[in-house]
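Q: I have a structure open and would like to talk through some of its side-chain contacts and surface features. Could you take me through them?

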Amino acid sequence: MKQEPGPIPEADLHCHTTASDGLLTPGELVKLASRRGLKAIAITDHDTISGWSEAEKVGSKSDTIILRGLELNTVWDNKEVHVLGYQMDGKSGIMRERLLELQQSRFDRIKEILNRLEQIDIKIPIGDVLEYAQGESVGRPHVARALVKHRHVINNQEAFVRYLGLGAPAYVPRFKLDTVEGIRFIRESKGIAVLAHPGLQGLKEDTIASWVKEGLQGLEIIHSDHNSIDQEFYSKIALKYDLIMTGGSDFHGANKPNVPLGKWGVSLDVVWQIKGLEN
Ligand code: AMP
Ligand code: ZN
Ligand code: FE
Ligand code: FE
């Protein structure tokens with residue numbers, strides 16, 4: 001069962017925007033955060049930092065603190081492991097180069113998905129997919145929306161079941177970094193590396209300990225998919241290895257209707273802890 005937290009937290013440190021697969025633009029997200037009374041949010045789009053500038057611009061006109069974040073979908077032992085990075089240097093050459101590679105591989109994969117759809121007589125122009133991917137990070141949710149637009153399915157869920165999900169005819173895996181590579185990449189870009197929702201993958205203490213040696217600095221304890229057992233289990237590990245304990249909703253707008261902004265999160269102290277590790 002999902003953990004229902006108490007009053008609205010001060011900081012939601014896991015939010016997606018239209019720069020990846022969220023439905024609100026970075027500016028709309030910041031305005032909503034401000035209306036909800038959040039003191040801080042982090043923009044953590046998948047494989048892109050293109051939402052940062054708009055969020056920071058809108059944020060500078062409100063009281064909401066904006067953390068620059070990123071979520072990398074990495075792979076370890078055949079499991080998808082998500083690594084959050086906070087406060088990277090957006091101008092870092094390594095950062096730009098690496099993100100460009102990831103975005104290019106996403107784009108190539110979308111072309112392959114469309115080829116496979118064409119083989120089963122479903123023709124979707126790539127422009128229709130890119131129209132939904134306003135940012136640089138194109139993914140299956142954008143193909144799903146194009147399939148709805150062309151009336152091949154009635155909603156995104158059906159698009160995944162019939163065409164895009166694992167085992168479906170147009171399923172194409174995405175290139176992913178190795179988890180250690182992801183952690184190193186964030187650290188080399190002067191960011192703080194945090195393991196996202198470890199409970200979702202059931203990650204064990206010794207695995208996490210090995211990543212701490214590689215530079216992991218925090219664990220996401222509070223998350224919309226973590227229950228109280230996950231929270232307790234990973235809090236103990238965080239305390240033992242002196243890791244920052246972060247939290248956020250994993251907000252995607254109406255793409256995840258049961259996950260409202262700011263329902264899961266942490267106190268502002270955590271934001272200062274993250275900023276304290278910046279170098
Ligand atoms: P991608 O990064 O292109 O592989 O797409 C992954 C995203 O697709 C996830 O972040 C989810 O938002 C979405 N997704 C994955 N599986 C489903 C599903 N069965 N139904 C709806 N959305 C899904
Ligand atoms: Zn997402
Ligand atoms: Fe994630
Ligand atoms: Fe996420």
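A: Gladly, with the caution that this is a predicted model. A good place to begin is Glu181 and Arg98, whose side chains meet in a salt bridge with an N to O distance of 3.2 Å.

Q: Which helices do Glu181 and Arg98 lie in?
A: Glu181 lies in helix α7, which covers residues 179-188, and Arg98 lies in helix α3, so the pair ties together parts of the chain that are 83 residues apart in sequence.

Q: And are those two, Glu181 and Arg98, buried or exposed?
A: Neither label fits, because Glu181 has a relative accessibility of 33% and counts as partly exposed, and Arg98, at 22%, counts as partly exposed as well. The cut-off matters for Arg98, since buried means under 20% relative accessible area.

Q: How many salt bridges are there by this rule?
A: The count comes to 14 salt bridges, where the rule asks for a side-chain nitrogen of Lys or Arg within 4 Å of a carboxyl oxygen of Asp or Glu. As general background, side chains of opposite charge can pair when their charged atoms come close.

Q: OK, what about Lys149, which residue does its side chain meet in a salt bridge at 3.6 Å?
A: That partner is Asp128, with 3.6 Å being the N to O distance between the two side chains. Lys149 lies in helix α5 (residues 140-149) and Asp128 in helix α4 (residues 126-132), so this pair ties together parts that are 21 residues apart in sequence.

Q: With which residue does Lys149 form a salt bridge at 3.9 Å?
A: With Glu131, where 3.9 Å separates the closest N and O atoms. Since Glu131 lies in helix α4 and Lys149 in helix α5, this pair ties together parts that are 18 residues apart in sequence.

Q: How accessible are Lys149, Asp128 and Glu131?
A: Lys149 counts as partly exposed at 42% relative accessibility, and Glu131 also counts as partly exposed, at 49%. Asp128, by contrast, counts as buried, with a relative accessibility of 14%.

Q: Which residues are linked in a network of salt bridges?
A: Asp47, Arg106 and Arg174 are linked in such a network.

Q: Switching to the surface: which residues gather in a patch of positive charge?
A: The patch on the surface is made up of Lys31, Arg35, Arg36, Lys57 and Lys61. Of these, Lys57 lies in helix α2, which runs over residues 52-59, and Lys57 is exposed, having a relative accessible area of 57%.

Q: Next topic, Ser92. Where does Ser92 lie, and what does its side chain reach?
A: Ser92 lies in the loop between strand β4 (79-86) and helix α3 (93-119), and its side chain reaches the backbone nitrogen of Met95 at 3.1 Å. Ser92 is buried, with a relative accessible area of 10%.

Q: What about backbone angles, which non-glycine residue has a positive phi of about 60°?
A: Arg151 has such a phi although it is not a glycine, and Asp242 is another non-glycine residue with a positive value, its phi being near 60°. For context, most residues other than glycine have a negative phi.

Q: Where do Arg151 and Asp242 lie?
A: Arg151 lies in the loop between helices α5 and α6 (156-164), and Asp242 lies in the loop between helix α10 (228-240) and strand β8 (244-248). Arg151 is exposed, with a relative accessible area of 76%, and Asp242 is exposed too, at 71%.

Q: Last one: how far apart in space are Arg68 and Tyr86, and how far apart are Leu200 and Gly37?
A: Arg68 and Tyr86 are 5.7 Å apart in space, C-alpha to C-alpha, with their positions 18 residues apart in sequence. Leu200 and Gly37 are 29 Å apart, again C-alpha to C-alpha, and are 163 residues apart in sequence. Arg68 is found in strand β3 (residues 65-76) and is partly exposed, with a relative accessible area of 21%, while Leu200 lies in helix α8 (residues 198-201) and counts as partly exposed at 45% relative accessibility.

Conventions: Residues numbered from 1 in each chain as written. Chains lettered and ligands numbered in written order. Predicted model: local features only at pLDDT ≥ 70, side-chain atom pairs only at ≥ 80, totals over all residues. Heavy atoms only, no water. Patch = residues over 30% accessible without salt bridge, like charges linked within 9 Å, V, L, I, M, F, W, Y side chains within 5 Å. Areas by Shrake-Rupley, 256 points an atom, 1.4 Å probe, with all protein chains shown as cover. Lys, Arg positive; Asp, Glu negative; His and termini not counted. Charge placed at Lys NZ, Arg CZ, Asp CG, Glu CD. Helix = DSSP H or I, 4+ residues; strand = E, 2+ residues; numbered from the N terminus. Buried < 20%, exposed > 50% of the residue type's maximum accessible area, 1.4 Å probe, protein only. Polar contact = N/O pair within 3.5 Å; in protein donor to acceptor, adjacent residues only side chain to side chain.
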